[in-house]
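Colleague: Could you take me through the surroundings of the ligand in this model? I would love a close look at that one part, with the contacts spelled out.

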Amino acid sequence: MTSNNEWIARGEKVFIATYNRFPATMVRGEGCWLWDADNRRYLDFLSGIAVCSLGHCHPVVSDAICAQARELVHVSNLFHTKPQIELAELLTSNSFADRVFMANSGAEANEAAIKLARIHSGANRYEIISLTGSFHGRTLATVAATGQPKFHEGFEPLPTGFIHAEFGDPSSLEGLITDKTCAILCEPLQGESGVRPLDDEYLLAIRALCDKYGLLLIFDEVQTGMGRTGTLFAYEQLPVTPDILTMAKALGNGLPIGAMLTTDKIAASLVAGTHASTFGGNPVAAAAAVAVLREMITDGFMENVQENSTYFMNRLGEIVDKFPDLASGVRGKGLLIGLVLTEKGIEDGMNMVSDLFANQVLINFAGGRVLRFIPPLTVTKEEIDYLIDKLVEIMATYSS
Ligand SMILES: *Cc1c(COP(=O)(O)O)cnc(C)c1O
């Protein structure tokens, strides 16, 4: 049998080296656990980057995928399909929105939102203000919207019309609004830059600016959506509602699918021929997403996420108490949680992640200052305890 390392050697010869991968070739998954080609078992607190929120190979989702794959895989959006209609009904009946555009990824859902904001706002109103530290995707427009210079370098000139306001400062944001501005785009909680929530006051100020200047508020819930923060969408816990909502990651529990949602009134600006996707909302991906949504809206699902969140945050709080030289706090919502490291802790952040990997526990280092935990929403307290025990062992080796 081909070993883990043999697979890796083969992969490294044929891929464009865009990823710094962990040295593991994953072959199987179940719940919160993954197995590599050497049959080593890993506890997964990454969930394929907040994607497999029902855990790996959830039977309800896998069954829906298999059943749909036998019926109809693809016909394009020249036709209606049953799973896509059911999915759009579920998304609109469980959100503020009336209408849906189906895409294949987070970046594509955001591209659709950007196009909608521009066409809805009319000629010469094309500027979109986003925040420093944001992450909106890797296509050229979404990279331009992303407020982190490291993602821009080497790819200039970027599409114009993307302006970045200083995170957390509403007055600087107001100063950037011109007669060309059409929208403000933000994540209600920044995931990639280190699990940074926007506080209620700041969000209220952003909503007020949108209302004052006639701008659309776009929430990128690609990471925070689909139950990650303890409600189906993060905005449900906030004092503001966006005009446009994007989602992707956990929507298909691993099948590629994204969506852009909005109201009837705003949706009317995108007429036939203005936007399209060959694969967007394809029957198999949509069937997976229907299964995901039905599971997530069952009684008790979100309550369980919230309960696990409280438990996990408390246990991470114990780590802050135990290793004050390395960790300074815990932040996040639901099961999107960051352990904030001190200046000393940051120096070893990457090493802690590597050591956890060597101990067969998967997490990552986000924004250069937090250990990020994004387990499947179906994680158990025992699995949380398992991670905490390993984390304590490893942090003890860095603590003075
Ligand atoms: C992951 C992510 C994206 C990009 O999604 P892709 O599916 O990789 O294109 C966009 N916005 C946020 C907030 C994300 O976390």
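Modeller: Helix α5, residues 106-121, gives the largest share of the shell around the ligand, with three residues. Please keep in mind that this is a predicted model. The full set of residues around the ligand is Ser105, Gly106, Ala107, Asn110, Phe135, His136, Gly137, Glu187, Asp220, Val222, Gln223 and Lys249. Sorted by class, six residues of this shell are polar, three are nonpolar and three are charged.

Now to the atoms themselves. On the oxygen side, the side chain of Lys249 places an N or O atom 2.6 Å from an oxygen atom of the ligand. The side chain of Gln223 also takes part, with a polar atom 2.8 Å from a ligand oxygen. With Phe135 the partner is the backbone: one of its polar backbone atoms is 3.2 Å from a nitrogen atom of the ligand. As for cover, the ligand on its own would expose 380 Å², and the protein buries 81% of that.

Since you like contacts spelled out, here is one more residue, His58. This histidine sits in the loop between α2 (47-50) and α3 (59-71). His58 has a relative accessible area of 14%, so it counts as buried, the cut-off being under 20%. A polar atom of its side chain lies 3.1 Å from the backbone nitrogen of Val60. Beyond its neighbours within four places in sequence, His58 is in contact with Asn253 and Glu295.

Note on methods
Residues numbered from 1 in each chain as written. Predicted model: local features only at pLDDT ≥ 70, side-chain atom pairs only at ≥ 80, totals over all residues. Heavy atoms only, no water. Helix = DSSP H or I, 4+ residues; strand = E, 2+ residues; numbered from the N terminus. Buried < 20%, exposed > 50% of the residue type's maximum accessible area, 1.4 Å probe, protein only. Polar contact = N/O pair within 3.5 Å; in protein donor to acceptor, adjacent residues only side chain to side chain. Contact = heavy atoms within 4.5 Å. Near = heavy atom within 4 Å. Areas by Shrake-Rupley, 256 points an atom, 1.4 Å probe, with all protein chains shown as cover. Nonpolar A, V, L, I, M, F, W, Y, C, P; charged D, E, K, R; others polar.
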